[in-house]
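Visitor: Could you choose a single part of this model and take me through it closely? I would like to see how that part fits in with its surroundings.

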Amino acid sequence: MTDFDPANFTNVSPKEFAQLVKSTPDDKIAAVMSGELRGKILSEVFNRMPSLFRADRAGSTNAIIHWNVTGRPDGGTDTYEIVIENGTCTVTDAPARDPKLSLTMGPVDFLKIVSGGGNPVMMFMTGKLKAKGDLGLAANIANLFDIPKA
């Protein structure tokens, strides 16, 4: 599969998805993420996070992380809450708790980060990724997940 086709997104492995993101021009990803399939893509990515969570690397980490993905078609932001506690990871699209860390980024940068194609530190330094709260946790978050590499 060489085309970023969200209709087939649920049928690809995390590694195949990472390859799709890497091989698709940013403007095409931006167009797809500003359309009606955005919610489906975000839900699929976040629903995979618990299966990619590395409890063995988390140790005693207990954290609530809010992921804010800007650029919704209506101008709004989608927020997902990841709760890491007692060696487990759960995700909801209805944040209910105060976050220890809040991350905000655009949809293209979000997909690059979760597919292993973006450097979160560089994105933070250039203002593409905003982090509020526990910056130590922000620096370590990638180590808590098996992020596929394209």
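Guide: Let us begin with a term: two residues are in contact when heavy atoms of theirs lie within 4.5 Å. With that in hand, among the contacts in the protein between residues at least 6 apart in sequence, 68% join residues at least 24 apart. Please keep in mind throughout that this is a predicted model.

The part I would like to show you is strand 2, residues 78–85, but a little background will help. The protein has seven helices and five strands, and along the sequence they follow the pattern α-α-α-α-β-β-β-β-α-α-β-α. The C-alpha trace spans about 40 × 30 × 30 Å along its principal axes. A compact globule of 150 residues would have a radius of gyration near 15 Å, and the protein's own value of 15 Å agrees with that. Of the 150 residues, 39% count as buried. UniProt, in an unreviewed entry, lists residues 55–146 as "domain: SCP2". The end C-alpha atoms of residues 55–146 are 11 Å apart, and the span is 26% helix and 33% strand.

Now find the sheet. Its five strands form an open sheet in the order 3-2-1-4-5, with mixed pairing. Strand 3 and strand 5 (129–133) are the edge strands, each pairing on one side only. On average, neighbouring strands of this sheet are turned by 15 degrees against each other, direction ignored. In that order, strand 2 sits between strand 3 and strand 1, so let us look at each side in turn.

On one side is strand 1 (residues 63–69), which runs antiparallel to strand 2 and is joined to it by seven bridges. A good place to rest your eye is Ile 65, which stands opposite Ile 82 of strand 2. Leaving out residues up to four places away in sequence, Ile 65 touches Tyr 80, Glu 81, Ile 82 and Ile 84, and also Leu 101, Leu 103, Leu 137 and Ile 141. Before strand 2 begins, the chain passes through the loop between strand 1 and strand 2, where Gly 76 has its place. Gly 76 has a relative accessible area of 16%, and because anything under 20% counts as buried, Gly 76 is a buried residue. Beyond its neighbours within four places in sequence, Gly 76 is in contact with Thr 70 and Gly 71.

On the other side is strand 3 (residues 88–92), also antiparallel to strand 2, with five bridges joining the two. Two of the pairings are easy to pick out: Glu 81 has Thr 92 as its bridge partner in strand 3, while Glu 85 has Thr 88. Strand 2 and strand 3 form a hairpin with two residues between them. Asn 86 is found in this loop, and its phi is near 55 degrees, a positive value in a residue other than glycine. Most residues other than glycine have a negative phi. At 69% relative accessibility, Asn 86 counts as exposed.

So is strand 2 enclosed by the rest of the structure or open? Six of its eight residues are buried, so strand 2 is largely enclosed. Helix 3 belongs to these surroundings: it lies across strand 1, strand 2 and strand 3, running at about 5 degrees to strand 2.

Strand 2 also contributes to the interior. The largest nonpolar core has 35 residues, and Ile 65, Trp 67, Phe 110 and Leu 111 have the most contacts inside it. At least two residues of this core come from each of helix 1 (14–23), helix 2 (26–33), helix 3 (38–52), strand 1, strand 2, strand 4 (101–105) and helix 5 (107–114). In soluble globular proteins, nonpolar side chains tend to be buried together. Helix 5 makes a good companion to strand 2: seven of its eight residues are buried, so it too is largely enclosed by the rest of the structure. Among the buried residues of helix 5 are Pro 107, Val 108, Phe 110 and Leu 111. Just after helix 5 comes Gly 116, with a positive phi of about 75 degrees.

To trace the route once more, follow the chain from the loop that holds Gly 76, along strand 2 with its six buried residues, and out to Asn 86 in the hairpin turn.

Technical notes. Residues numbered from 1 in each chain as written. Predicted model: local features only at pLDDT ≥ 70, side-chain atom pairs only at ≥ 80, totals over all residues. Heavy atoms only, no water. Buried < 20%, exposed > 50% of the residue type's maximum accessible area, 1.4 Å probe, protein only. Helix = DSSP H or I, 4+ residues; strand = E, 2+ residues; numbered from the N terminus. Pairing = 2+ DSSP bridges. UniProt positions renumbered as here; feature names shortened; annotations may be inferred. Core = buried A, V, L, I, M, F, W, Y, C linked by side-chain atoms within 4.5 Å. Axes fitted to C-alpha atoms, helices over the stretch in contact; angles between N-to-C directions. Rg over C-alpha atoms; globule rule 2.2 N^0.38 Å.
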